[in-house]
Amino acid sequence: MSEAIILSVDDSSDDFTLLKLACEAVNVSFQLLPVQSGEAAIAYLESTRDSLSQGHFPVPDMILLDLKMPGKSGFDVLTWLRAQPEFARLPVVILTSSTHAEDRARALSLGATWFLVKPIGYGGLQRIVRSLDQLLQTKAAPDSGTSLDTPSSAELAR
Amino acid sequence: MVPNTAVVLCCLAVALWLVLPNPTARSFIVRFRAGQALAMLSAALGFATLVHELFGWNPGMDFNLYLGGHPPFPAALGALALGLGIALLEIRVREVWPSEVLAVITLQMALLGIIGHIFGVPELYGSLNFQADNGMAIQTAAVLLILAVGLLAARADRGLMAILHSHTPGGTLARRWVLLPAAVLLVMGLVYLLLQRAPAVPRALGSWTLLMTSFTFLTAAVWATAHVLHRAGLERDQAHRTLEQHVVERTAALNESNEALQAAKEDLARVNHGLERTIHERTVHLHETIRSLETVCYNIAHDLRAPNRAIAGFAEVLLARYAESLDETALDCLRRVAAAAQHSDALTLDLLAYGRLGHADLPCSKQSLAAHIEAVTEKLAHDFVATSASVEVSGPLPAVWANPTALEQVLTNLLTNALKFLPPATPPRVTIRAEPAGSCWRILIQDNGIGIPPEYQQKIFGVFQRLHSPERYPGTGIGLAIVQKSVERMGGKVGVNSSPGNGSCFWFELLNCPDTLP
């Protein structure tokens, strides 16, 4: 089985760098593909449809999506994604700095798989990375039948 | 004057004295009746005498009283009139008081008699045979005059006497001319007599002069009356015009103030309308401002937290991956950098939460206090284990009227404080209970912490109010402010009972659930 791919959509290179470091520390089985904006994310996903470019633009197994970005927001990307038949069931994990209950409710109603608040501190980030790895493996195993509940932010943040 | 006359006149005088008004005396009515009786007696004697004198018929009742001859008929008539007048003193026939009429008649007879005596004309004082020694004596006439005036004055506040001392044109007229007829008679008699006695003047001239004088005086009296009435009329017209002028002026003034009032009312309505519009505009503006502030806050949350996260994250990466190549000072610095960034992030979050509490909607519903306490203790389970804390819920917990998120925040902050502010090496012991407080439930959280001196017990609910350095007891200094604001927004209040060394009992009150709700 080839390495799983997670498309990370985040305008903050700091956050991406920390995420990458956390992945290295935890030694996960997936590869991170960074894009810096909602437009870039949609452009990448559009490109994956082109069979000629399949090798350069592999379809991701999961999307890590920030909400607040200049230009198209995470909500816009999520709405677009769920409107595409081939991406309608793609796991989307929201990783945002927003703690607002409204944002959480809106993201989940638009079809987000998980809603996670960006933790402060390296430890919390490592726990998140482990959870993502676990989620990917669950998805990869056919007929596992178990759906993972969103881990509580408090638990992850510890 | 014959003795009979004197007796009758004395009787009349006594009667008049008896009927004088003196309503305060208890015996007044008795006196009045006695006076009336005496007057009736005098009138009867006068009447008998009159009948005898004029018609020669003696009714028989006066014999014993006739001591020295018959009284002359004017005296008898006067006695009759005065007697009746006194007897009828309180009788009124429509507008006329008979006693006054009788008094005036007597007065005229007396005056006539006196004038007759002055000019030596016996007919005038009642001589039926033109003899001077016959008829009424001048003393009798004088007494009759006095008694008649007395009778008029006995009730001076009514009828003719009231007219006489009133300020109406009638009163003026009466005062000026009431004695005129007597004066005229006196003057005319004098002129007539002079002319009679002057031998050079023809007798016819006397009659002509008499008539001419009468004519002149009568005409003069009419003109004098006319003059008085005319002047009174003019004065009345003048007064009427003045009054009308006043009415016109007052009406104009009233209209003017009415118009001013109306204008003021319209102004007020206009200003009021303008104010309402201004308030509406300001309210709309305020709502827009709040919305834009919320957006700003949201952006601040996002943008401020990103660097906090980066600082803390990279510091921890260094601590985790390069711990071996760094000395202890460098590691301590890095730990401090990470802690500071985390503190900054906590402050940002708490301030945002506090700010949102000011205006965010907190819809309330029926909430199970027990369920929320369980949820919060579960959330804080790690801290409870780490501090070896024990939490005890004492007694049943009610349902309260609250916003679930806000209630959980309040419980979290209070329990976190209870676990935090402890003397060194003391495991926290927390007791939670609820008691009714009027239309509210009071929820009390008792700890065994360091306690709070009384002078700081209000201060601690303020934003950024800390009693200890953050190094000794970490925290943002906003937790209790959030508790207070949340509870107040849900219609309750908060407080603390504490003394240093004896722990603290923080409490908050929430409304009972409305009965009408399921």
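Visitor: By class, what lines the second largest pocket?
Guide: There are 21 nonpolar residues, two polar ones and no charged ones in that lining. Here Ala, Val, Leu, Ile, Met, Phe, Trp, Tyr, Cys and Pro count as nonpolar, Asp, Glu, Lys and Arg as charged, and the others, Gly among them, as polar. A pocket is an open set of points on a 1 Å grid over the protein atoms alone where a 1.4 Å probe fits, with protein on both sides within 12 Å along at least five of seven lines; lining residues have an atom within 4 Å of a point.

Visitor: Is this predicted or what, and how do I read the labels?
Guide: It's a predicted model, where local features need pLDDT of at least 70, side-chain atom pairs count only at pLDDT 80 or more, and totals for chains, interfaces and linings use all residues. Residues are numbered from 1 along each chain as its sequence is written, chains are lettered from A and ligands numbered from 1 in the order written, and side-chain values use heavy atoms, without hydrogens and water.

Visitor: OK, which residues lie nearest the centre of that pocket?
Guide: Val104(B), Leu107(B), Val178(B), Leu179(B) and Pro181(B), out of 23 lining residues. Helix 4 of chain B gives the largest share, six residues (helices are DSSP runs of H or I, at least four residues, strands E, at least two, numbered from the N terminus).

Visitor: Switching topic: how are Phe461(B) and Phe506(B) paired?
Guide: Edge-to-face, 6.2 Å centre to centre with 75 degrees between the planes. Rings of Phe, Tyr and Trp (its six-membered ring) pair with centres within 6.5 Å; planes under 30 degrees apart are stacked, over 60 edge-to-face, the rest tilted.

Visitor: Where do those two sit?
Guide: Phe461(B) is in the loop between strand 5 and helix 14 of chain B and Phe506(B) in strand 7, so the pair ties together parts 45 residues apart in sequence.
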